[in-house]
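Subject: Structure handover

Hello,

Here is the structure we talked about. Please load it first, then read the notes below.

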Amino acid sequence: MPLVQVNMIKGKSSEYKKTVLDCIHYGLMESIGIEDWDRFQRIVEIPREDFETAPEKTDDFMIIELTLFPGRTKEQKGKAIKNITSRLADSLKIAPADVFIVINEPPLENWGMGGMQKG
């Protein structure tokens, strides 16, 4: 059950944002084996003046935070990063340098679903 948050500069179309979410979802399906229904994704749009980045980053720059159950291998996580970045480049022509991905893996005891602690 990955939780996905994408921070991006405000102003992209609905179609663009949907494609971003699809690229991430299908990249995760392929790399770590999540199910098609397993989509818990959100986009946070930030005005350009409130989104500080390195000077060489474009308005396509995004920070993708993936919060996963622990247990994926280093190889699986590396494959997820590569798959997502490649899909974004192929589908939306986003430069790989404009894709920043961080993976968080809180212990299962820190997850609660349906009022129940997971771990």
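One definition first: helices, of at least four residues, and strands, of at least two, are DSSP runs numbered from the N terminus. Keep in mind that this is a predicted model.

The sheet

It is an open sheet of four strands. The order is S2-S1-S3-S4, and the pairing is mixed. Strand S2 (40–46) and S4 stand at the edges. Each has a single partner strand, so one side of each is left without a neighbour in the sheet. Neighbouring strands are turned by 15 degrees against each other on average, direction ignored.

Strand S1 (residues 3–9) pairs with S2 in the parallel sense. Seven bridges join S1 and S2. At one of them, Ile-9 has Ile-46 of S2 as its bridge partner.

The helices

Helix H1 (residues 14–32) packs on the sheet. H1 touches S1, S2 and strand S3 (62–67). The direction of H1 makes about 145 degrees with that of S1. H2 lies across S3 and S4. Its angle to S4 is about 150 degrees.

One backbone point to check

Which residue has a positive phi although it is not a glycine? That is Lys-93, at about 60 degrees. Most residues other than glycine have a negative phi. Lys-93 lies in the loop between helix H2 (74–92) and strand S4 (99–104). Is Lys-93 buried or exposed? Lys-93 is exposed, with a relative accessible area of 67%; the cut-off for exposed is over 50%.

Best regards

Note on methods:
Residues are numbered from 1 along each chain as its sequence is written. This is a predicted model: local features need pLDDT of at least 70, side-chain atom pairs count only at pLDDT 80 or more; totals for chains, interfaces and linings use all residues. Side-chain values use heavy atoms; hydrogens and water are left out. Buried means under 20% relative accessible area, exposed over 50%, partly exposed in between (1.4 Å probe, protein chains only). Two strands pair if DSSP finds at least two bridges between them. Axes are lines fitted to C-alpha atoms, for helices over the stretch in contact, and angles run from 0 to 180 degrees between N-to-C directions. Contact means heavy atoms within 4.5 Å.
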